[in-house]
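Trainee: I should like to learn how to read the features of a protein model in an orderly way. May we work through one together?

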Amino acid sequence: MKSNLAIVESDSVVVSMTRASLALAEAVTVGQTKKIADVAHAAEIYAKRQGLSEEAIGQAMAVKVEALRKLGEILKATPKSTGAKGIGKSAVPKENRTLEELGIDKKTSAVAQKLAGLSQEAFEQVREGHQTISKAIAVVDAKPKEGKIPLPEAKPEATKP
């Protein structure tokens, strides 16, 4: 009986992640995309804690990573908040919203934008679970920024006799 329950729970996670994938394809706002990422993250935690199939866990993780990447793409395209252009909050334009107002913390924003900066093959490795998000992001962080000249390596000083 217990194994039948696990199969039903696993199937329900797979079905809900399939729906989330479809919703992600249609998502166009930060709020919609963040909600899908949050639901997928919760489904991943649930599937792990309940000992559900690797398929259910993997699908939840894949949807979460895809949603974070899309969130990063949207955030990169969104102009940064410039703050009030006058006195008080009444001077802040409605479309000029901060991360906090969007319900996103700085860490999530940074991770999402770095996922958006990954090459397609590196992203596929993360999405399929072959590479962790943190290791993939470390590769992005290690690359020199465009337009910046890397500092030359320091030469060891010659010893005087």
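**Reading salt bridges, burial and the core**

Mentor: Let us begin with a single residue: aspartate 38 is partly exposed, with a relative accessible area of 42%. Please bear in mind throughout that this is a predicted model.

Trainee: With which residue does the side chain of aspartate 38 meet in a salt bridge?

Mentor: A salt bridge requires a side-chain nitrogen of Lys or Arg within 4 Å of a carboxyl oxygen of Asp or Glu. Here the partner is lysine 34, with an N to O distance of 2.8 Å. The two residues are four apart in helix α2, so about one helical turn separates them. Lysine 34, at a relative accessible area of 17%, is buried, because the cut-off for burial is under 20%.

Trainee: How many salt bridges does a search of the whole structure find?

Mentor: The search finds six. One of them joins glutamate 44 to lysine 64, their closest N and O atoms lying 2.8 Å apart. This pair links distant parts of the chain, with glutamate 44 in helix α2 and lysine 64 in helix α3, 20 residues apart.

Trainee: Are glutamate 44 and lysine 64 buried or exposed?

Mentor: Both are buried. Compare another pair, arginine 127 and glutamate 66, whose side chains meet in a salt bridge at 3.3 Å, N to O. That bridge connects helix α6 with helix α3 across 61 residues of the chain. Arginine 127 counts as partly exposed at 24% relative accessibility, and glutamate 66 has a relative accessibility of 24% and is also partly exposed. Finally, salt bridges with shared partners join Glu44, Lys48 and Lys64 into one network.

Trainee: What should one consider when turning to the nonpolar core?

Mentor: In soluble globular proteins, nonpolar side chains tend to be buried together. In this model the largest nonpolar core has 30 residues, and Met17, Ile36 and Leu71 have the most contacts inside it. At least two core residues come from each of α1 (2–26), α2 (30–49), α3 (54–77), α5 (106–116) and α6 (120–127).

Trainee: Which helix gives the most to this core?

Mentor: Helix α3 does, with 10 residues. Beyond its neighbours within four places in sequence, leucine 71 is in contact with Val30, Thr33, Ile104, Thr108 and Ala112.

Trainee: How does one place these details within the overall fold?

Mentor: One turns to the totals. The protein has seven helices and zero strands. Of its 161 residues, 27% count as buried. Among contacts with a separation of 6 or more, 66% involve residues 24 or more positions apart.

Definitions and conventions:
Residues are numbered from 1 along each chain as its sequence is written. This is a predicted model: local features need pLDDT of at least 70, side-chain atom pairs count only at pLDDT 80 or more; totals for chains, interfaces and linings use all residues. Side-chain values use heavy atoms; hydrogens and water are left out. Buried means under 20% relative accessible area, exposed over 50%, partly exposed in between (1.4 Å probe, protein chains only). Contact means heavy atoms within 4.5 Å. A nonpolar core is a set of buried Ala, Val, Leu, Ile, Met, Phe, Trp, Tyr and Cys residues joined through side-chain atoms within 4.5 Å.
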